[in-house]
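Subject: the structure we talked about

Hi,

Here is the structure I promised to pass on. Have a look at it first, and then read on for what turned up in it.

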Amino acid sequence: MFSSVKKLFTKASMPSSLEQALEAYEEEEYELAISLFESLSRHSTPQALYCLGTCYFWGLGTEKNQEKGLRLFIASAEQGDCQAQIELGYIYRHGHGVTADSKTSLQWYERAQATGNADATAEVARCYEYGDGTERCLSKALTLYAEAAEGGNAMAQYSLACFYTQGTEVEFDPITAFYWFKRAADQGVADAYIHVAASYARGEGVDTDLNKAISWYAKAAEHGDAVAQNNMGYYYTTGTGVVQDEDKATFWYYHAAKQGHAIAQYNLAERYRTGNAIKQNLAEAAYLYLESAKQGDKDAQYRIAMCYKHGEGIEQNHEQYVFWIEEAARQGQQTAIDEINTYVPSEIPELVTSEAKSPIQD
């Protein structure tokens with residue numbers, strides 16, 4: 001703040017110029033930028049109006065005044081400023097300071113798109129993909145995503161890859177899908193990390209490379225992807241591609257399970273049941289088995305059935321035992337089938353170490 005005030009006084013005697021104002025704006029010296037922009041008065045350019053509008057609308061260097069900011073954005077946009085047009089598209093899409101209006105949002109995005117702006121083109125493509133402010137048209141969305149992707153827009157690159165991996169409006173093409181997922185991932189699109197990782201793990205669209213797969217799974221896990229977190233847990237459990245580390249495995253299973261990932265819930269429950277790399281807690285194990293079972297995991301269904309049968313970590317309940325053992329057997333869980341066929345009260349099989357479930361997912 002002191003530096004802003006200092007610059008304000010040292011430059012006050014200098015003739016105001018657009019260059020000075022833009023420099024202050026880029027350096028986030030917003031208080032100074034506002035003073036310089038406003039001193040330009042009627043000589044303001046569309047770019048200056050956009051920058052000044054940003055300061056007022058979002059409260060940068062001044063008290064927030066969305067009404068004034070909106071007027072400045074519109075004045076800038078009407079004079080052809082692409083960034084102001086995109087900003088208005090965003091504002092009307094999300095209803096910031098105005099009533100949300102998807103049609104008005106699309107109109108502003110389309111005006112920006114007409115200038116060839118890749119970011120605006122990607123937004124228009126999204127509108128056509130989801131029918132936001134217009135009738136849904138996947139073929140048009142695909143065309144626009146391709147245009148924006150070539151222009152470098154990361155969101156469009158990711159969306160275009162999804163079209164190719166799902167075979168939407170185009171032939172399924174894992175090579176092209178991987179190309180665009182990788183382009184998006186290299187620009188920091190976290191959702192693309194898991195796809196790049198899975199491609200390397202499975203050899204889909206690219207040569208199999210376990211080291212690269214694990215590297216991208218690790219990035220996805222760090223960004224909160226539950227599938228990647230579970231996969232990292234499996235890698236650390238088995239020592240596949242990494243040094244075996246049960247504590248790290250538990251760490252990743254825990255974070256994936258906390259997000260409701262069914263396989264991770266089962267894997268973590270196994271650890272609580274056996275006391276592997278975590279303090280044994282049968283109640284926590286039963287809770288996690290049940291949560292996983294509700295999502296259809298057949299091994300968890302078998303385990304929670306046995307918990308109900310023997311009262312391990314949960315109160316004995318014959319009806320619940322029968323329900324879950326039959327659910328597991330219906331899905332082909334062999335131990336559950338054997339249990340039904342014999343109805344011999346058996347102990348839960350002893351495990352020296354818990355074996356992690358290993359379906360690597362994308």
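R303 and E270 are a good place to begin: their side chains meet in a salt bridge, with N and O 3.5 Å apart. The two residues come from distant parts of the chain, 33 residues apart, with R303 in helix 18 (residues 298-310) and E270 in helix 16 (residues 262-274). Is R303 buried or exposed? It comes out at 7% relative accessibility, under the 20% cut-off, so R303 counts as buried. E270 is buried too, with a relative accessible area of 2%. Bear in mind that this is a predicted model, so treat the distances as computed from it.

Now set that beside another pair. E78 forms a salt bridge with R111, and their closest N and O atoms are 3.3 Å apart. E78 belongs to helix 5 (residues 66-78) and R111 to helix 7 (residues 102-113), so this pair ties together parts that are 33 residues apart in sequence. What about accessibility here? E78 has 48% relative accessibility and therefore counts as partly exposed. R111, with 35%, counts as partly exposed as well.

A third pair sits within one helix. The side chains of K182 and D186 meet in a salt bridge at 3.0 Å, N to O. Both are in helix 11 and 4 residues apart, which means that about one helical turn separates K182 from D186. K182 has 22% relative accessibility, so it counts as partly exposed.

How many salt bridges are there in total? The count comes to 13. Beyond pairs, there is also a network of salt bridges that links R93, E123, R126 and D132.

Helix 11 (residues 174-186) also turns up in a packing arrangement, this time with helix 10 (residues 154-166): the axes are 8 Å apart and the angle is about 155°. Angles over 145 degrees count as roughly antiparallel, so helix 10 and helix 11 are roughly antiparallel to each other. The crossing in which helix 10 passes helix 11 is left-handed. Which residues make the contact? On the helix 10 side they are A154, Q157, Y158, L160, A161, C162, Y164 and T165, and helix 11 brings T176, A177, W180, F181, R183 and A184. Sorted by type, the residues of this contact are 10 nonpolar, 3 polar and 1 charged.

One single residue to click on is S199, which lies in helix 12 (residues 190-202). S199 has 8% relative accessibility and so counts as buried. What does S199 touch, leaving aside its neighbours within four places in sequence? Its contacts are F178, E204 and V206.

Finally, the overall numbers. The protein chain has 20 helices and 0 strands. It runs to 362 residues, and 46% of them count as buried. As for the contacts in the chain between residues at least 6 apart in sequence, 46% join residues at least 24 apart.

If you want a quick tour in the viewer, here is the order I would follow:

- R303 with E270, the salt bridge between helix 18 and helix 16
- E78 with R111, the salt bridge between helix 5 and helix 7
- K182 with D186, the salt bridge in helix 11
- helix 10 against helix 11, with the left-handed crossing
- S199 in helix 12

Cheers

Key. Residues are numbered from 1 along each chain as its sequence is written. This is a predicted model: local features need pLDDT of at least 70, side-chain atom pairs count only at pLDDT 80 or more; totals for chains, interfaces and linings use all residues. Side-chain values use heavy atoms; hydrogens and water are left out. Axes are lines fitted to C-alpha atoms, for helices over the stretch in contact, and angles run from 0 to 180 degrees between N-to-C directions. Angles under 35 degrees count as roughly parallel, over 145 as roughly antiparallel, 65 to 115 as roughly perpendicular and the rest as oblique. A crossing is left-handed if the near helix is turned anticlockwise from the far one by less than a right angle, and right-handed if clockwise. Contact means heavy atoms within 4.5 Å. Ala, Val, Leu, Ile, Met, Phe, Trp, Tyr, Cys and Pro count as nonpolar, Asp, Glu, Lys and Arg as charged, and the others, Gly among them, as polar. A salt bridge is a side-chain nitrogen of Lys or Arg within 4 Å of a carboxyl oxygen of Asp or Glu. Buried means under 20% relative accessible area, exposed over 50%, partly exposed in between (1.4 Å probe, protein chains only).
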